[in-house]
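This report introduces a protein structure to a reader who has not met it before. Local details of the backbone are taken up before the wider architecture.

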Amino acid sequence: MGPGPDPQDSMTGDPIRRPLDDVWYCVGESRRFREGRLCAVTLGEEAIVVGRAAGGGLFALRDRCPHRGMALSAGRLVEGRLVCPFHGWEFRPDGQCAAIPALAARDESDFRTVRLPRFSVREVSGLVWIAAGEPRPDAPPIPEVEFPYAGMLVETLEVEASFDLVALSFVDPAHVAYVHDLWWWRTSKTLREKEKHFAPSPFGFTMTSHRAKSASAVYRLLGAVPEVEIEFRLPGVRLERIRAGEKRMANYTFATPLGPGRTALVNAMYWNLPLLNLLRPLARPLMRQFLGQDRDVLQVAQKGLDRKPAMVLIGESDVQSQWYFSLKREFLRAREAGAAFANPLAPRLLRWRS
Ligand code: FES
Ligand SMILES: [Fe+2]
């Protein structure tokens with residue numbers, strides 16, 4: 001039995017049970033956040049309003065008017081100011097209240113004392129990232145795509161499961177044969193012995209590049225046997241990099257906390273072959289189907305964990321799951337100690353059947 005979460009943790013509110021709160025999370029595709037529009041985003045316990053100012057830059061503020069609690073995302077952006085739909089209070093993108101229209105000319109109340117909490121927001125490789133608290137200067141970096149991509153495809157599903165359970169599905173080789181029995185992904189149901197090299201990488205670990213022996217239909221689109229490298233990093237980031245000569249693909253998966261027991265599963269795929277853009281309308285339903293299989297099984301498993309949160313992590317196919325908890329625990333310990341995060345993992349060869 002490995003160092004899974006202690007069953008007592010949920011009772012004591014141990015931080016190991018909660019998503020990390022001072023790191024970046026993906027909240028969706030850049031193009032969803034159009035100029036002049038306001039979008040409501042949930043991150044952990046926070047409701048956030050995200051807007052794009054006239055210059056193109058994004059801002060993120062608490063989606064709650066300090067006056068009477070109205071959702072500001074239901075309001076409008078007027079001349080770069082966020083206008084509350086209830087009584088018209090106006091806010092600048094930095095959160096500062098800029099006007100209270102109901103104040104009479106001789107009313108000396110000072111609206112400048114009113115301010116909305118602001119969140120850090122970044123755009124990287126066509127995706128928007130928000131930090132759930134003040135991001136630590138040494139927080140895991142926001143993933144980038146390392147090649148000029150010709151196209152991308154993003155799907156997001158909501159899962160009624162804890163952040164940990166969703167993140168664990170990114171490092172769980174044993175579920176693939178049982179959950180993802182799709183003709184275009186796996187042609188055979190037989191389990192095969194696998195042997196993979198892992199090395200620690202900043203904030204996680206990487207399955208070092210190998211030639212995919214039995215290329216799935218997706219890999220075969222590249223027309224050659226590709227090399228594949230898979231990195232996992234905190235808080236819940238899986239980066240699969242696929243290369244066949246000059247042809248490149250990236251398949252990135254992220255978990256984003258939406259509240260207790262609710263997690264977004266975000267999948268972003270990138271490629272550098274312009275021809276693959278033609279396949280996008282076909283690829284989207286397949287991507288949804290694949291993610292939907294994870295969602296369906298995770299939701300049922302969560303119900304079991306709600307009754308009794310202990311997990312038995314056993315054998316080398318579960319070592320990556322144990323690593324996930326070790327990394328998270330070390331990250332929390334370093335924060336507690338005010339120290340820099342030091343990766344506790346060592347290189348290792350892992351064997352399993354999948
Ligand atoms: S609730 Fe926003 S202005 Fe009154
Ligand atoms: Fe899966």
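In this predicted model, S125 counts as buried because its relative accessibility is 16%, below the cut-off of 20%. S125 is placed in the loop between β10 (121-124) and β11 (127-131). Although S125 is not a glycine, its phi is positive, at about 50 degrees.

A positive phi is also found at E79, again a residue other than glycine, with a value near 45 degrees. E79 belongs to the loop between β5 and β6 (81-83). Its relative accessibility is 80%, so E79 counts as exposed. The following table sets out the two residues.

| Residue | Phi | Loop | Relative accessibility |
|---|---|---|---|
| S125 | about 50 degrees | between β10 and β11 | 16%, buried |
| E79 | near 45 degrees | between β5 and β6 | 80%, exposed |

Another backbone feature concerns a proline. The peptide bond that joins L234 and P235 is cis, with omega at about 0 degrees. P235 lies in the loop between β15 (227-233) and β16 (237-244).

**Sheets**

One open sheet consists of four strands in the order β5-β6-β7-β8, paired in antiparallel fashion. Its edges are formed by β5 (76-78) and β8 (97-99); each has a single partner strand, so one side of each is left without a neighbour in the sheet. Strand β7 (residues 90-91) runs antiparallel to β8 and is joined to it by two bridges. E90 has A99 of β8 as its bridge partner.

A further open sheet of four strands follows the order β2-β3-β4-β9, and its pairing is antiparallel. Here β2 (38-43) and β9 (118-119) are the edge strands, each pairing on one side only. Between β4 (residues 58-62) and β9, which run antiparallel, there are two bridges. L61 has R118 in β9 as its bridge partner.

**Domains**

How is the protein chain divided into domains? The domain assignment gives domain 1, covering residues 24-131, and domain 2, covering residues 151-353. Their contact draws 13 residues from domain 1 and 15 residues from domain 2. The C-alpha centres of the two domains are 33 Å apart. Between them, domain 1 and domain 2 bury about 1100 Å², of which 65% is on carbon and sulfur atoms.

**The surroundings of L258**

L258 is part of strand β17 (residues 247-259). With a relative accessibility of 12%, L258 counts as buried, because the cut-off for that class is under 20%. Apart from neighbours within four places in sequence, the residues in contact with L258 are T42, G44, E158, T263 and A264. L258 and S162 are separated by 96 residues in sequence, while their C-alpha atoms are 9.3 Å apart in space.

**The iron site**

Which residues coordinate the iron ion (ligand 2)? The donor atoms are NE2 of H175, NE2 of H180 and two OD entries of D294, at 2.1 to 2.6 Å. Along the chain, these donors follow the spacing H-x4-H-x113-D. The angles among the four donor atoms range from 55 to 152 degrees, and the site of the iron ion (ligand 2) is irregular. Both H175 and H180 are buried.

Terms used:
Residues numbered from 1 in each chain as written. Chains lettered and ligands numbered in written order. Predicted model: local features only at pLDDT ≥ 70, side-chain atom pairs only at ≥ 80, totals over all residues. Heavy atoms only, no water. Pairing = 2+ DSSP bridges. Donors = N, O, S within 2.8 Å, 3.2 Å for Na, K, Ca; no water. Tetrahedral: all angles 85-135°; square planar, octahedral: opposite > 155°, others 65-115°. Buried < 20%, exposed > 50% of the residue type's maximum accessible area, 1.4 Å probe, protein only. Domains from an automatic or database assignment. Contact = heavy atoms within 4.5 Å. Buried area = accessible area lost by both parts, 1.4 Å probe.
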